[in-house]
Amino acid sequence: MKRSVLAACGATALATALLTGSVVLGATATAKPAPEPHAAGRHQARIQDHFDSLGPEVRATKLSSGRTAHYIDEGPRDGLPVLFIGGTGTSARAAHMTDFFRSTRESLHLRLISVERNGFGDTAYDKDLGKADFAKDALEVLDRIGVEKVGVAAISGGGPYAAELASRAPQRIRALHLAAALPPYGKQPDYCGLSDAELGKQLAPTIADPRKWWAFPDDSPTKKIPGFADTAYEEGARTYHQRGQQADPAPQVHEQKLYCERPGPDLSKLTAPVFLYSGKKDTTVPPSTVDTWRQHLPGKPVVRSYADSGHDVQYRHWDQILADLAGFPDRTVICVSGHSEMAKAAAAKRLVADGRATPGSCAWQKSDG
C-alpha cells in the first residue's frame, strides 16, 4: 500500500514537474524557472469554460411526406423568428454568410431559421418537387419548432419561394423582406428556352468550382468582410458536394427551370408589410424588378435602393435589413463620428446628405478587407 501511494505521489510530482518545465527526461533533473508570462497578457489571459460557435448546426427532421428536411435554427428560443431563404444554389447553412453582423443580430434578439431546398447540401434531390413543396416543408418545420408567425428574408433566387410561401400562408407572415430577389412574374429569364441538357452544360463549370459560383466583382463591398470569400466558397462546396453528388447539375437545372414558371402565385391576400432592397448596379436582378414586384404586391412596399451596391446589396446593407426585421422600419443604420447608430429616418437622411454620416455600420468604413 505504501509503495503504491508513494508511486502515485511520485507520478503526481513528475506530472507537475513536466508541466512547470523542471524535469529533463533522460538527464539529471535541474530546476528550470517557468517562463515569465507576457506582461500585457498576464492578467487578461483565460481559458474559456464554453465553446465558441463555429456557425449554425444543420439539423434534420422527418416530415409527414416521408422526406427528411434539413434546417438551421440559430438564436434565442424566445427571439423574434426570421425565416431566411437563401439564393439559388445555397444550402441551409448559407445564413452563416451573414454572421459578420452576428453581434447586431443577437442584440436585436432575432432567431434565424433556414430550411434547405430540394437537392442542395444534405437534402436529397427529387425531380418531381416544386416551389409549393418547399413552402409546405418550411411551414411544417416551423410547426415542429413551435413558430407560428415569422418574418421572411429572401435573397436573390429565394424570391420565388418566398412568394410561394406568402401566397400559401399569408396569415403566418409577419413581414416580407426581399433583397435583390428574383420575382416569379414578368419576363422569363433568357435561359428558359434551353433544354435541361443545354442548361446543365452551361452551369457545370461554375457549379464544379465554388470560386466561380461566388465570384463577386473586385469593387464589391463584400471584399471588406474578413473571411467572407472563403465562407462563400465553403458554402458552394457544401451545396454541390455535401452528399457526394460531385457537382451534379441536375438540382440546379431543376431549380432554375422552376424560375421560368408563369404566372407567379397570387399575393392579394398578403397583409404583412413588405420591404424591397435593390442595388442600382445590380445586373443579375436589375432595379427594374422592383416595379415588377410592386405590380403583384398588395399595398405599398417600402423600397430601399442603394447606389453603392450591385447583386451584393443583401450583404452591404444586411445591417439595415436586420433593423427592419427587428421591427424598426422608421430607423436608418448610419455611421456618425465613428459610431454606428439606428437614427430616425429623417435625421439620418439629413446627416448623410450633409456628409456628416455614411449609410450602414461604421464597420464598412473601418474595414480594410
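**Exercise 1. The packing of helix α4**

Task: In this predicted model, determine which elements the buried residues of α4 pack against, and how many residues of the helix are buried.

Solution.
Step 1. Locate the helix: α4 spans residues 159-168.
Step 2. Count its covered positions: eight of the ten residues are buried, and the helix is thus mostly covered.
Step 3. Name the buried positions: they are G159, P160, Y161, A162, A163, E164, L165 and A166.
Step 4. List the partners. The strands packed against these buried residues are β3 (80-85), β5 (150-155) and β6 (173-179). The helices are α3 (131-144), α8 (250-258) and α9.

**Exercise 2. Helix α8, a partner of α4**

Task: State why α8 is described as largely enclosed, and identify the elements against which its buried residues pack.

Solution.
Step 1. Seven of the nine residues of α8 are buried, so the rest of the structure largely encloses this helix.
Step 2. The buried set consists of P251, Q252, V253, H254, E255, Q256 and L258.
Step 3. These residues pack against α3, α4, α5, α6 and α7 (228-241). The contact with α4 appears from the side of α4 as well, where α8 is among the packing partners.

**Exercise 3. The β7-α9-β8 unit**

Task: Establish in which sense β7 and β8 pair, parallel or antiparallel, and of which hand the crossover between them is, right or left.

Solution.
Step 1. Strand β7 covers residues 274-279 and strand β8 residues 302-306; five bridges join them in the parallel sense.
Step 2. One position in this pairing is G279, which lies opposite Y306 of β8.
Step 3. Between the two strands the chain passes through helix α9 (residues 289-296), forming a right-handed β-α-β crossover.
Step 4. Within α9 lies T292. Its relative accessibility is 17%, so T292 counts as buried, the cut-off being under 20%. Beyond its neighbours within four places in sequence, T292 contacts P183, Y185 and G186.

**Exercise 4. P273, in the loop before β7**

Task: Classify P273 as buried, partly exposed or exposed, and describe its surroundings in sequence and in space.

Solution.
Step 1. P273 belongs to the loop between α8 and β7.
Step 2. Because its relative accessibility is 44%, P273 counts as partly exposed; that class lies between the 20% and 50% limits.
Step 3. V302 is 29 residues away from P273 in sequence, yet the C-alpha to C-alpha separation is 8.0 Å.
Step 4. Residues up to four places away in sequence being excluded, P273 touches R174, A175 and L176.

**Exercise 5. Strand β2 and its two partners**

Task: Identify the strands with which β2 pairs, and the sense of each pairing.

Solution.
Step 1. Strand β2 comprises residues 68-74, and six of its seven residues are buried.
Step 2. β2 pairs with β1 (residues 59-62) in the antiparallel sense over four bridges; in this pairing A60 has H70 as its bridge partner.
Step 3. Five residues separate the strands of the β1-β2 hairpin, and among the hairpin residues G66 adopts a positive phi near 100°.
Step 4. β2 also pairs with β4 (residues 110-115), again antiparallel and over four bridges. Here Y71 faces V115 of β4.

**Exercise 6. The two largest pockets**

Task: Give the volume of the largest pocket and of the second largest pocket, and describe the lining of each.

Solution.
Step 1. The largest pocket has a volume of about 1,200 Å³. Its lining holds 47 residues, with S156, T283, T284, V285 and H311 nearest the centre.
Step 2. By character, this lining divides into 18 nonpolar, 20 polar and nine charged residues.
Step 3. Helices α5 (196-208), α6 (210-213), α9 and α10 (313-316) each contribute at least two lining residues; α5 gives the largest share, four residues.
Step 4. The second largest pocket has a volume of about 330 Å³. It is lined by 16 residues, of which Y306, T332, A348, K349 and V352 are nearest its centre.
Step 5. Two or more residues of this second lining come from each of β8, α11 (318-325), β9 (331-336) and α12 (345-353). The lining consists of seven nonpolar, five polar and four charged residues.

How values were computed: Residues numbered from 1 in each chain as written. Predicted model: local features only at pLDDT ≥ 70, side-chain atom pairs only at ≥ 80, totals over all residues. Heavy atoms only, no water. Pairing = 2+ DSSP bridges. Right-handed = clockwise from strand over helix to strand, strands pointing away. Buried < 20%, exposed > 50% of the residue type's maximum accessible area, 1.4 Å probe, protein only. Contact = heavy atoms within 4.5 Å. 1 Å grid on protein atoms, 1.4 Å probe; cavity = no way out; pocket = protein on both sides within 12 Å on 5 of 7 lines; lining within 4 Å. Points joined across faces, edges and corners; volume = space filled by probe spheres on them. Nonpolar A, V, L, I, M, F, W, Y, C, P; charged D, E, K, R; others polar.
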